[in-house]
Amino acid sequence: ITPTKMAIRKKTLLLVLFGYLIGNIIPLLKVQTLIQTTDDSSARQTDCDCSRTRCTGKVDITESGIEKATDRQAIFNSKKRPRLLSQELSFRQPLFIGVVTARNLLSTRANAIYKTWGKLAPKLYFFSSPSLEKSHNLPIISLPGVDDTYPPQKKVFRMLEYMYTHHLNDYNWFMRCDDDVYIRIDKLMKFISELDPSIPLYIGSPGIGKPEDRERLQLLPHEVYCMGGPGVIFSRALLERIGPYIEECLQEVVVSYNEDVEVGRCISRILGVQCTWSYQAAKIFYTDYSKGEVFLSPEVYHHKDILNAISIHPFKQPNQMESIHQFYLEVKNTEYSRESIELQNELKTWQSITRKNRIFAES
């Protein structure tokens, strides 16, 4: 090997050795420096001011509010683990319905409700005056300090007060009904499921008073109340806000004897919330001014307002309530039959595609 080639090889070897040092030794030094820096930071954090970082045993709670759990077994301890998902997530029941009635109507109107649409409701109570008589096996709340005079102004305010005091955290929606209204529970549940109970909502058929009554009612031009007959829905948020002022409204705000007007006035003056104003609200909370005659005609099965109604009012006689219940059962049965036919047709289509009558063969 010539001296020139030997010098070139030495130079190449030195370059390779230098590259190895750059690529391996220096990163190790950086890692060591980073570890030292982290240790120093941890040491400083231990001695930090408690206003910035609070150390509580095995969980570090930082100023950002983020908890870093270091003991996972404590969190998933079987003794603390909730049995039901509803317990963990604090589920509320969907709906509480209060029916305003009187003692002399328990065996007639109230009983008719309980036998028909009432048994389909998630939770329903009848609110009446106190009495020593038997309750006719109905779920009854006796309100102290009220009587059965009509209109039931004080009774309705006390019923709302009861809902607020005893069930505010148990339900998302609260409904006030008369004892001569028919409620289509399936329609009602679908309706409220699409709404947000955390918003103060006051829902029902809108009223502004008859022209000849407006001077007596003393409503402001912008005020709209929900008519009590077809039923009124209150969101949990609204009941939570108006609850503390119910007594004040009853003592100071009330002007007329119309209880639905006065509930609306209370909500308007205290919260600035008005009843739903749309034309649709007046239709789905339906008032039957024919007093039941519309149901005597076969054309009722094609009456859009009747078919789309959530509630329909009034039915003063128990046999009317029972007939309406039968009518809506017939409507529901027709809907289910149509859905069943559609399901069977779709199933046959997929059976022809997969060429199997059953996916899982019987053993």
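In this predicted model, the strands β13 and β14, the latter covering residues 311–313, run side by side in the parallel sense and are paired over three bridges. Within that pairing, F285 is found opposite S311 of β14. The two strands belong to an open sheet of three strands, whose order is β8-β14-β13 and whose pairing is mixed. At the edges of this sheet stand β8 (182–183) and β13 (285–287), and because each has a single partner strand, one side of each is left without a neighbour in the sheet.

The loop that leads from β7 to β8 brings the reader to the salt bridges, of which the structure has 14. Side chains of opposite charge can pair when their charged atoms come close. One such pair is formed by D180 and K316, whose side chains meet with 2.6 Å between N and O. Since D180 lies in the loop between β7 and β8, while K316 lies in the loop between β14 and α13 (318–354), the pair ties together parts that are 136 residues apart in sequence. The two partners can also be described by their accessibility: D180, at 3% relative accessibility, counts as buried, whereas K316, at 40%, counts as partly exposed.

The loop between β7 (171–178) and β8 also holds D179, which forms a salt bridge with R109 of helix α4 (residues 106–115), so that parts 70 residues apart in sequence are tied together. In this salt bridge the closest N and O atoms of R109 and D179 are 3.1 Å apart. R109 counts as buried at 19% relative accessibility, because the limit for that class is under 20%, and D179 is buried as well, with a relative accessible area of 6%.

A further salt bridge joins E247 and R158, with 2.7 Å from N to O. Because E247 lies in helix α9 and R158 in helix α5 (residues 153–167), this pair ties together parts that are 89 residues apart in sequence. E247 is partly exposed, with a relative accessible area of 32%, while R158 counts as buried at 15%. Salt bridges that share partners join R158 and E247, together with E161, into one network.

Helix α9 also leads to the disulfides, of which the structure holds two. One is formed by C249 and C266, whose sulfur atoms are 2.0 Å apart. It links distant parts of the chain, since C249 belongs to helix α9 (residues 246–253) and C266 to helix α10, at a separation of 17 residues. The angle about the S-S bond of C249 and C266 is 75 degrees, and the link is right-handed. Both ends are covered: C249 is buried, with a relative accessible area of 1%, and C266 counts as buried at 2%.

The other disulfide joins C226 to C275, with an S to S distance of 2.0 Å. Since C226 lies in strand β11 (residues 225–226) and C275 in the loop between α10 (259–271) and α11 (279–284), the pair ties together parts that are 49 residues apart in sequence. The torsion about the S-S bond of C226 and C275 is about 100 degrees, so this disulfide is right-handed. C226 counts as buried at 1% relative accessibility, and C275 counts as buried at 4%. When the bonded cysteines of the chain are numbered in sequence order, the pairing reads 1-4, 2-3.

Helix α10, which carries C266, can now be followed along its length. It has 13 residues and reaches 18 Å from its first C-alpha to its last, close to the 18 Å expected at 1.5 Å a residue. The helix is mostly covered, with ten of its 13 residues buried, and among these are E259, D260, E262 and R265, as well as V261, V263 and I267. After α10 comes G272, whose phi is positive, near 75 degrees.

The last feature is on the surface, where L85, L89 and F91 make a nonpolar patch of about 330 Å². L85 lies in helix α3, which covers residues 85–89, and with a relative accessible area of 52% L85 is exposed.

Definitions and conventions: Residues are numbered from 1 along each chain as its sequence is written. This is a predicted model: local features need pLDDT of at least 70, side-chain atom pairs count only at pLDDT 80 or more; totals for chains, interfaces and linings use all residues. Side-chain values use heavy atoms; hydrogens and water are left out. Two strands pair if DSSP finds at least two bridges between them. Helices (H or I, at least four residues) and strands (E, at least two) are DSSP runs, numbered from the N terminus. Patches are made of residues with over 30% relative accessible area and no salt bridge: like charges are joined within 9 Å, nonpolar side chains (Val, Leu, Ile, Met, Phe, Trp, Tyr) within 5 Å. Accessible areas come from the Shrake-Rupley method with a 1.4 Å probe; for residues, only the protein chains shown count as cover. A salt bridge is a side-chain nitrogen of Lys or Arg within 4 Å of a carboxyl oxygen of Asp or Glu. Buried means under 20% relative accessible area, exposed over 50%, partly exposed in between (1.4 Å probe, protein chains only). A disulfide is a pair of cysteine sulfur atoms within 2.5 Å. The expected span of a helix is 1.5 Å times one less than its number of residues.
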